[in-house]
Amino acid sequence: MENKKKLDAIGMFFTNLRDFPKTFRQSFIRHDKATSDRARSQRILSNLFLHIHSTKVHRFSLKPTFTLGLGVCAVSSFLILLITGVMLMVYYKPSISLAYDSVKDIQFVVPSGRFIRNLHRWATYIMLVSVFAHMARVFYTASYKRGRSFNWLIGLVLLVLTLILSFTGYLLPWDQLAYWATTIGSNIAGSFRELTDALGITHVLDIGGFMKVLVLGSEEIGQEALTRFYWLHVMVLPAVFVLFLSIHMWRIRKDGGLSRPDNIREDELKGIPKGDLSESVFSGAPPEKTYGLMGLVKGTSPAVGRGPEQTLSSWPTLFIAELAVFVATLAVVCILAFFLDAPLKEMANPAVPENPAKAPWYFLGLQELVSYSAFMGGVVIPGVVLLGLGLIPYLDREEQEIGRWFDNKAGKHVAFISFFFSLIVVIGMLVLTVNLGWLRNWFPQIPQIVITFVNPGTILVITFMFWSFRCMEKYKSIRIAAISLFTCFLVAYVILTYFATYHRGPNWDFYWLKSQWPGH
Amino acid sequence: MKIIILIGSSIILIVLLLEAYHENLGMAWQAYQTVYRKEMSTEAQNKDEKSSTDRYEIKMRQVVLPEFNRVDRCISCHVGMEDPRMTEKTNPLKSHPGDILENHEVEKFGCTICHEGQGRGITTFQAHGQDRYWPYPLLDLSVKVAATSESKPKVSSTDLLQSSCYQCHNAPDLFRIADIGAETLASGIGVFVDNGCLSCHRVNGVGTNSGIELSGIGDKQLSEYDFSSFPEEEEKTIFNWHYQHLKNPRSVVPTSLMPYIDLSEKEIRSVVIYLLSLKKRGYSELSKFARKRLGGKEAFRAFCAGCHGRNGQGNVTIQFAKENTVEEELLEGKKDRVIATSLNNRNLLSSVSDQFLRQAIVNGRRGTRIMPASTFENTGIFPEEVDAVIKLIDEWRKEYNIAAPKNLDLDRTEIKGDSEKGKIVYHMKDSCSQCHGENGAGSEVAPQLNNQDFLQLASDSYIKSTILSDRMSVPSNLTDEQINNVIAYIRSWQK
């Protein structure tokens, strides 16, 4: 009896050993082959990373021309940034005497260091562009409505985090570009002084000084600022960003997935795969027809044992779409990184200012406004814009169909004319100030506080507000006003950024071409 | 969708492969090391040598120099630098010329300390510092001796290299450079000191600061030089800037007050080498305490000649360019003129005592230009050197057969006179004001009398004695009472 048991045990041992590959695989992959919808759902639910997604997705959400994949693009570039950033951390040294040389060594000596650094730089730009574009997409498709207003705010938090992440990273190479761009940024933080000086209360309440020292850890840019920016850039802000990103995606789930119109025509979903569940229950009937006897509730169908219409399993279609966006993003970033090097100028030299000292490109539009008043252009106007953006879903509570770009003909029209209105007004403003100057040129003794309140930035803001109110009156719709205002600001941002990038030279003077700049 | 994944993945793969090759496999330094290994292999005399060359690793090579805060990777391409068998090869495999590596070992000094360039770079473009954002390109490049230029090259690269010697060889003796074979540099220092440059410029605590500070001028980057008035046809390099500036100061800096100094081309070249050698990057400065003491004539040339002329002849106006005549200079306007008293003349030598001289030199004197106080603290001049200069001036007296005047400052009794009446005498036709100017303002031919430093220093007796001793052309018909009145009037200018 004992012997038999022993033999059985030994046999069992070898059987188990032989079966190890299969049993391991079964313990690791707990779902069946994805041949049924249930199996497809299992795949998603049993995976930590994938189960952020829902198991079913609406076909409209997969429409490329609807979202343009911008959100996924932003997340993809963030992922690229995380990975390349972690790689860069291996060699980068956050000390003012070592930082510049460590970046040089990354460029020259670290295998593919140049490439990784370029990837990091280009992924930043792609992320910023896609984040702005994503915000525009969500706005224009009115996707902040129907209970999605809080997610809109989370998105704004993510926008601000992205900008601060980019700004803190900009200082790390410790070259002339980094040092002087940070000088501008920290001076904007200190620009409260403009207000307290005008009121004569700076010696009592020095908000500006406090803010500047808070940012820099010191009166000037030095080791404290570098340590602080490094800490924010590699640890604090990425952690906070990931936290808010999770909330953002969680809220998408809780809000019922991506926005979509109530009435979707079949031709709008052309080219998007269907699943077993996609067919409507009453396939022969026209989509808009309702049946009085049945009393169909909008958006759902009385089907049993199947999901809502026009949905399909997330696996594999959704993931293919996301992968496609990720791969496309990575491909673009790779091509850019291979050919175009991230800039690195001379080592930071506090005694030799860059002229013109320019902030990173996404802040250049702001810098144009700051050139008149640091406080108004750098603190108040961005603050007002952020506040305005945040209030959009709370002020515009009109019930409407969502998920359509510009909603309808009226929306398209208003966006169109607002585009041209803003174009003309902004360019006109720039032409005026370049040719005629501004208050300081006409009245040299004028107190700065007047210019703080009367400058191209404030005039543009007020003009746009009047314009949007006019639209609101004409169309009797807050949404229309919102579209006009948003469009005006978007166009203004783009034009000012372009203008400050290409047409502002030393001493912030106007030049048509960079080749005309004096000196150098 | 899937097609995007396919195309995108292919692009990524291709880029990554290209990138792997581009930055890791097809590097120039690997090629050079491979060639070197092959050379060594063919030159191998026996089996042992051959096996050791086979084991020669193709890898990045560098010298880490923490004291200099540098890392030099030049030897990744310049592999044959210390190999005597490579003398016949072309660069980068060529061995280093001369015997300088014998006491400047590569492991201890690296390369960039003498040759400049960007040591961390690993491609020719980066390592030679040709990136416009690297401030210190290879020395040859800072001159850019273009092969296509018609004129002879202005300076040879061996001369240029001497500008690096001074960073370490700035030992106490100002002229020891000649001992180490840096003749051009040594002669440059000599010319610099001998022509009174220290009268206006300061180097490491020695000299005055009427003109710009020259310590660390060798660190100035190309982008910090102002070429806006630079002659069009000359190439814009650091060397050329200094060369042109020394040749004709106003052609480069239109508002310059630096006088024209007649130097030969060779001398100018050597001075530029000296200027370029004044680098501060991480080195001990020439201690002004340990400087060699200069003799009377040398000290005068070094500290005084810049304004008072090489032989003490003074400057009525300073000649700013070889072409300009004195008259043209005067026409250009008073503000450009710097008047420095003529010292080596009979009248001054016979009226000014050694004591007076010493006081004036040590205290300094305000004027059209400030004569700085010649103290060790201020200009780095040693007290012995001040003594030597005074002795030199005494020797000038001997050439005129003038006895040393008594020091009348000891006699501080005040001379009483009526300053109102003195004013009339002063401003009479052919009287004091004609040369000493309205209200004692001075002119090209006579010193300023309303100068506060002068008035503080000079006693009434000294002034009287000078007037009486026929300094310049004092009218001879003045009575004693009139002279006393004039002196009272002069005193009235003292604040």
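P356(A) sits in the loop between α12 and α13 (361-370) of chain A. In this predicted model, the peptide bond that joins N355(A) and P356(A) is cis, with omega at about 10°. A cis bond also runs from W315(A) to P316(A), where omega is near -5°. P316(A) is placed in the loop between β2 (311-313) and α12 of chain A. A further backbone feature concerns F406(A), which is not a glycine yet has a positive phi of about 60°. The loop between α14 and α15 (409-436) of chain A holds F406(A). These features stand out because most peptide bonds are trans and most residues other than glycine have a negative phi.

The interface between the chains was examined next. Contact involves 30 residues of chain A and 30 residues of chain B. The size of an interface is often given as the accessible area lost when the parts come together. Here, the area buried between chain A and chain B is about 2,600 Å². Carbon and sulfur atoms give 67% of that area. F108(A), F338(A) and E346(A) supply 23% of the area that chain A buries against chain B. No other three residues supply more.

Polar interactions also link the chains. Ten residue pairs are in polar contact between chain A and chain B, counting pairs with both residues at pLDDT 80 or more. On the chain A side, α5 (99-108), α6 (113-140) and α12 (317-339) each give two or more residues to the surface that touches chain B. The most comes from α12(A), with eleven residues. By class, this side of chain A has 20 nonpolar, four polar and six charged residues.

Salt bridges were counted over the whole structure and across the interface. The search over all chains finds 35. Five salt bridges lie between chain A and chain B. One pairs D105(A) with R73(B), the closest N and O atoms being 2.8 Å apart. R114(A) forms a salt bridge with E23(B), where the closest N and O atoms are also 2.8 Å apart. R114(A) lies in helix α6 of chain A and E23(B) in helix α1 (residues 2-24) of chain B, so this pair joins two chains.

The surface of chain A carries a nonpolar patch of about 540 Å². The patch is made by F150(A), L387(A), L391(A), Y394(A), L395(A) and I478(A). Helix α14 (residues 374-395) of chain A gives the most to the patch, with four residues. I478(A) belongs to helix α19 (residues 478-502) of chain A.

How values were computed:
Residues numbered from 1 in each chain as written. Chains lettered and ligands numbered in written order. Predicted model: local features only at pLDDT ≥ 70, side-chain atom pairs only at ≥ 80, totals over all residues. Heavy atoms only, no water. Contact = heavy atoms within 4.5 Å. Buried area = accessible area lost by both parts, 1.4 Å probe. Salt bridge = Lys/Arg side-chain N within 4 Å of Asp/Glu carboxyl O. Polar contact = N/O pair within 3.5 Å; in protein donor to acceptor, adjacent residues only side chain to side chain. Nonpolar A, V, L, I, M, F, W, Y, C, P; charged D, E, K, R; others polar. Patch = residues over 30% accessible without salt bridge, like charges linked within 9 Å, V, L, I, M, F, W, Y side chains within 5 Å. Areas by Shrake-Rupley, 256 points an atom, 1.4 Å probe, with all protein chains shown as cover.
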